[in-house]
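Q: I am new to this structure and would like a close look at one part of it. Please take the sulfur links between cysteines, and then carry on to whatever surrounds them.

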Amino acid sequence: MKNWRFVLAILAFAVVALSSNAATAERFRRPFEANINFNYGFDNNSGGGCTDFNCGSRCYDGHSGTDFPLSVGTVVLAPADGVVTATHNGCSDYGYLGNTCGGRCGNYVQIEYSDGNRTIYCHLQNGSLLVSTGDRVTCGQAVGRSASSGNSTGPHLHFGWRRSGVNSDSHSGSCTTSPGAWVDQRAYDQAPPADCECDASSETCN
């Protein structure tokens, strides 16, 4: 009987821990104002070829994030409250395929959130960064402007999400194991929402 009680206690603790982790997982708004959907998604196919979260082909082989076709100079926003953990500046606004400036990311900003996960924004405009390592940012705060720096063949924003230290798809769907990261993932042909996650402890959520 004592053994069963012990097992039940362990299971109860595990359920509470999992619920707590789920409750504290950060959810993101889209990192810009314009209602623009992605053009190249995360590659969920570990073999050759590419499969996006919806089992489509809007991606390319080995792609580790989600690309949004933003024009040069578009303001890039923090998708949730967090802390800037790394930045890079000094790359030309226009890179090229294979360009290694900024570790191929070009000019970038990386942010860590309360759940320990991180996002990175690649190919930003030279001299446009508005934050530095160690800065605290709030959801919707401007962190820089988009361009095409680093390993890039045209203006866009690369949005990368590292969950538990592993590159993950920011979308959920039939062809990914990722839980997704957006506040409200919309239809395949629609952009993520521009609303920040609601904090039920201090706001009225609807």
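**The disulfides and their surroundings**

A: The link of Cys91 and Cys101 is left-handed, with -95° about the S-S bond. Both Cys91 and Cys101 sit in the loop between strand 3 and strand 4, 10 residues apart. The model is a predicted one, and in it the sulfur atoms of Cys91 and Cys101 are 2.0 Å apart. The two ends differ in how much they are covered: Cys91 is buried because its relative accessibility is 1%, under the 20% limit, while Cys101 is partly exposed at 26%.

In total, five disulfides are counted. A disulfide is a covalent bond between the sulfur atoms of two cysteines. Another of them joins Cys55 to Cys175, with an S to S distance of 1.9 Å. The link of Cys55 and Cys175 is right-handed, at 95° about the S-S bond. Cys55 belongs to the loop between helix 1 and strand 1, and Cys175 to the segment after strand 9 (166-168), so this pair ties together parts that are 120 residues apart in sequence. Cys175 is partly exposed, at a relative accessible area of 27%, and Cys55 is also partly exposed, at 41%. A third pair is Cys50 and Cys59, whose sulfur atoms are 1.8 Å apart. Cys50 and Cys59 are both buried.

Cys55 has a further feature, in its backbone. Most residues other than glycine have a negative phi. Cys55, not a glycine, has a positive phi of about 70°. The loop that holds Cys55 runs between helix 1 (2-24) and strand 1 (66-68). Arg104 is a second case, with a positive phi of about 80° although it is not a glycine. Arg104 lies in the loop between strand 3 (82-88) and strand 4 (107-112), the loop that also holds Cys91 and Cys101. Arg104 is partly exposed, at 42%.

The residue after Arg104, Cys105, is touched by Ile120. Ile120 is in strand 5 (residues 118-124) and is partly exposed at 21% relative accessibility. Its other contacts, leaving out residues up to four places away in sequence, are Tyr108, Val109, Gln110, His158, Phe159 and Gly160. The C-alpha atoms of Ile120 and Tyr108 are 6.9 Å apart, with their positions 12 residues apart along the chain.

Strand 5 also has a part in the largest pocket. Strand 5 and strand 8 (157-163) each supply at least two residues of the pocket lining, and strand 8 gives the most, with four. This pocket has a volume of about 590 Å³. It is lined by 28 residues, and those nearest its centre are Tyr60, His63, His123, Asn151 and His158. The lining is made up of nine nonpolar, 15 polar and four charged residues.

Besides the disulfides, there are two salt bridges. Glu112 pairs with Arg118, the closest N and O atoms being 2.7 Å apart. Glu112 is partly exposed at 26% relative accessibility, and Arg118 is partly exposed at 31%. Glu33 pairs with Arg29, with 3.6 Å between the closest N and O atoms. Here the partners fall in opposite classes: Glu33 is exposed at 53%, whereas Arg29 is buried at 4%.

How values were computed
Residues are numbered from 1 along each chain as its sequence is written. This is a predicted model: local features need pLDDT of at least 70, side-chain atom pairs count only at pLDDT 80 or more; totals for chains, interfaces and linings use all residues. Side-chain values use heavy atoms; hydrogens and water are left out. Buried means under 20% relative accessible area, exposed over 50%, partly exposed in between (1.4 Å probe, protein chains only). Contact means heavy atoms within 4.5 Å. On a 1 Å grid over the protein atoms alone, a cavity is a set of points where a 1.4 Å probe fits but cannot get out, and a pocket is an open set with protein on both sides within 12 Å along at least five of seven lines; lining residues have an atom within 4 Å of a point. Grid points are joined across faces, edges and corners, and a volume is the space filled by probe spheres set on the points. Ala, Val, Leu, Ile, Met, Phe, Trp, Tyr, Cys and Pro count as nonpolar, Asp, Glu, Lys and Arg as charged, and the others, Gly among them, as polar. A salt bridge is a side-chain nitrogen of Lys or Arg within 4 Å of a carboxyl oxygen of Asp or Glu. A disulfide is a pair of cysteine sulfur atoms within 2.5 Å.
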